[in-house]
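Before reading on, please turn the structure slowly and follow each chain from its N terminus. The paragraphs below take up the contacts within the chains, then the helices, the shared boundary and a few individual residues.

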Amino acid sequence: MAGYMIRRVFMGLIVILIVTILVFLLIRLLPGDPLLMYLTQQQFRDTLYDPAQLAQLQERFGLDKPLPMQYIDWIAGMFRGDFGESISLQEPVSKLILDRLPVTIHLSIIGAVFATVFGIGIGIICALRRGTWLDNVLTFLANIGITIPSFWAAIILLYIFGLKLHWVPIGGYTSPFEDFWLNTRQIVLPVFCLSLFGLAANARLTRSCMLDVIAQDYIRTAWAKGLKERVIVVRHTIKNGLIPLIANMGFLVAGLFGGSVIIETLFNINGVGRLLTSALLGQDYMIVQASTLLFTALITFSNIVVDISYGWLDPRIRYD
Amino acid sequence: MADSADSGTPFGDDVVLEVPLKKYSEFRRTVSVFFGRPLPVVGLVIIAIFIIIIIFGPWIARYDPLETDVMNSLRHPSREHLLGTDELGRDTLSRLIYGARTSLFIGIVVISISTAIGVLLGLIAGTTKGAKHHIIMRITDGLMAFPSIILALVVAGLLGGGLQNIIIALTVGMVAPIIRITCGMALSINENDYVLVARAIGTSKMRIMLSEILPNCFAPILVMMTMGIGSTILAEAGLSFLGVGITPPTPVWGRMVNDGYKFLLTNPELSMAPGLAVMLVVFGFNMMGDGLRDALDPRLRGVV
């Protein structure tokens, strides 16, 4: 087990290294010069820019060095907690991100819990009541859930609960330590929309994994031994049926972070997802670089945790 | 399925072949499983309807999707404009119909390109050992760490809008899972005796890859492509909703939802209708993918 854990962590570190290279290359090699854009925005009236000023800015942001040097600077800076400076907001990126990260994490954690608890619950109910109307309805809803565009679900819910019924505010985010009740009302819809896909996907996966297990010989044996239904369901079926769900947790986290880009923008929530979107539209690539890396690092980290717990739950995995 | 009792034995296909007089048609079985369930058929019908709409779009749409008519802006649904008009007086239904073209076109092109690249790289990674395998798979791991919407968003945002750039961005976001699944399939198929036999009689690596391994990956790849078109359309809608996408005034569903969002209180149909269209198409492809998976699943052979 220790060997397996070390291997996984090591592989995770390699993935993070590759991710940093990918993020770096992605942003440097694609066209579009943010400094040029910044300058032309500043001197909007005469669209001409001063080459000397451009060179000065390039030097300030370290963009005049060769690519490998820029990469090393970037990595070295990160170890010092320096993620560069936002070109348009003129603020350190680390501060911009740290201010917003708790918001995104807050939404994601609640979303993950919601998607896991309800997704698995619905999946178990469906599998145990296979073929009944309840199963049919819930499975159909799960199929809708993996299909519905999150932004569209958000708009419909906003229309019904925000604009028509006035139950919830139509956006924004207040810290739960400031006003817990307002915060709860504000995040109900975003969290639901964020986790909708994960919830539905979990329900579908749970249902099919449970059905696989139910068809196994050892379940028939358990019935033949005369065990109680409750024992068979809880101890034999659910315990084995949920192992593949753990492997899916990594995708769940990725989905939540991916969704935050859209949902935070739509609900006016000042999180990292919205920061990334606005930075992209403003071509502020220090922010794009840092927030993309943050998301991928968090996802890789959760994948390592998932892999290790998977190996712990299912010993066969450790010997691949 | 008269001889289902025989083919249901745990001994696999050899036993089925011993039933002499009846020819066992895998294709017929697949078709009958696929059409034997309601949801895949619903999915197929939805997609067929959308394809008809795409082909006959110019005849079905009553208005030019780009024609503005400011005098008739933000009209509610009426006999002239079945789904009303947007802020520039463009007919929503006509824009929806033309939007279907863009969506499906992007979905199909992106999935074709990313499948071609992904399957090739996946096969190479799955049949070779050493450096090639590790380089391909580690880069894939790296790409998989990005949520595909963020990867596509970043690439599209930096490349700028336009059809070609959106296709590139979405392809980058789609290719990694295809590589991973193909590689996994190839690794397990590689262990089979028939591959060993092929190797023993001196078949070239290339030949083994193309004529032993690739055909056996066919079913999961087909399922993945079907589902992939749906998720590409969903991702494209998300990108254009965020304003990173096909440049206006070309009608695209995601942007239509966003444009109509401002008028949610007065004209909710403006953003409801295109979102519903996205949902229907994606639902169609997902259900068809599910149906194909069940129909092509070798474990269910002889059971259904």
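In chain A of this predicted model, 71% of the contacts between residues at least 6 apart in sequence join residues that are at least 24 apart. For chain B, residues 24 or more positions apart account for 69% of the contacts with a separation of 6 or more.

The elements that carry these contacts are helices: chain A has 13 helices and 0 strands, and read along its sequence it follows the pattern α-α-α-α-α-α-α-α-α-α-α-α-α. Chain B, for its part, comes to 12 helices and 0 strands. The C-alpha trace of chain A spans about 85 × 55 × 35 Å along its principal axes. Of the 320 residues in chain A, 38% are buried, while 44% of the 304 residues of chain B count as buried.

Where the chains meet, 37 residues of chain A are in contact with 39 residues of chain B. On the side of chain A that touches chain B, at least two residues each are supplied by helix 1 (2-29), helix 7 (150-164), helix 11 (243-266), helix 12 (272-281) and helix 13 (285-313) of chain A. The residues on that side of chain A divide into 27 nonpolar and 10 polar, with no charged residue among them.

Which residues have the most contacts inside the largest nonpolar core? They are Ala154(A), Ala152(B), Leu153(B) and Val278(B), in a core that has 145 residues. Helix 8 (residues 180-214) of chain A gives the largest share of this core, namely 15 residues. Around Ala154(A), if residues up to four places away in sequence are not counted, the residues touched are Leu189(A), Cys193(A), Ile263(A), Leu266(A) and Phe267(A). As general background, nonpolar side chains tend to be buried together in soluble globular proteins.

In chain B, helix 12 (residues 269-296) allows a check of its length: its 28 residues, at 1.5 Å a residue, should span 40 Å, and because its end C-alpha atoms are 40 Å apart, the two values agree. This helix 12 of chain B is mostly covered, with 20 of its 28 residues buried.

Pro58(B) lies in helix 4 (residues 38-60) of chain B. Is Pro58(B) buried or exposed? With 12 C-beta neighbours inside 10 Å, Pro58(B) counts as exposed, because a residue with 12 or fewer such neighbours is placed in that class. Although Pro58(B) and Gly184(B) belong to one chain, they are 126 residues apart along it, and their C-alpha atoms are separated by 44 Å.

Two loop residues of chain A deserve a look at their backbone angles. Most residues other than glycine have a negative phi. His166(A), which is not a glycine, nevertheless has a positive phi of about 55°, and His166(A) is found in the loop between helix 7 and helix 8 of chain A. Since His166(A) has 9 C-beta neighbours inside 10 Å, it counts as exposed. Asn268(A), also a residue other than glycine, has a positive phi near 60°, and Asn268(A) is found in the loop between helix 11 and helix 12 of chain A. With 14 C-beta neighbours inside 10 Å, Asn268(A) counts as partly exposed, because that class lies between the limits of 12 or fewer for exposed and 20 or more for buried.

Conventions:
Residues are numbered from 1 along each chain as its sequence is written. Chains are lettered from A and ligands numbered from 1 in the order in which they are written. This is a predicted model: local features need pLDDT of at least 70, side-chain atom pairs count only at pLDDT 80 or more; totals for chains, interfaces and linings use all residues. Two residues are in contact if their C-beta atoms, placed from the backbone, lie within 7 Å. Helices (H or I, at least four residues) and strands (E, at least two) are DSSP runs, numbered from the N terminus. Ala, Val, Leu, Ile, Met, Phe, Trp, Tyr, Cys and Pro count as nonpolar, Asp, Glu, Lys and Arg as charged, and the others, Gly among them, as polar. A nonpolar core is a set of buried Ala, Val, Leu, Ile, Met, Phe, Trp, Tyr and Cys residues joined through C-beta atoms within 7 Å. The expected span of a helix is 1.5 Å times one less than its number of residues.
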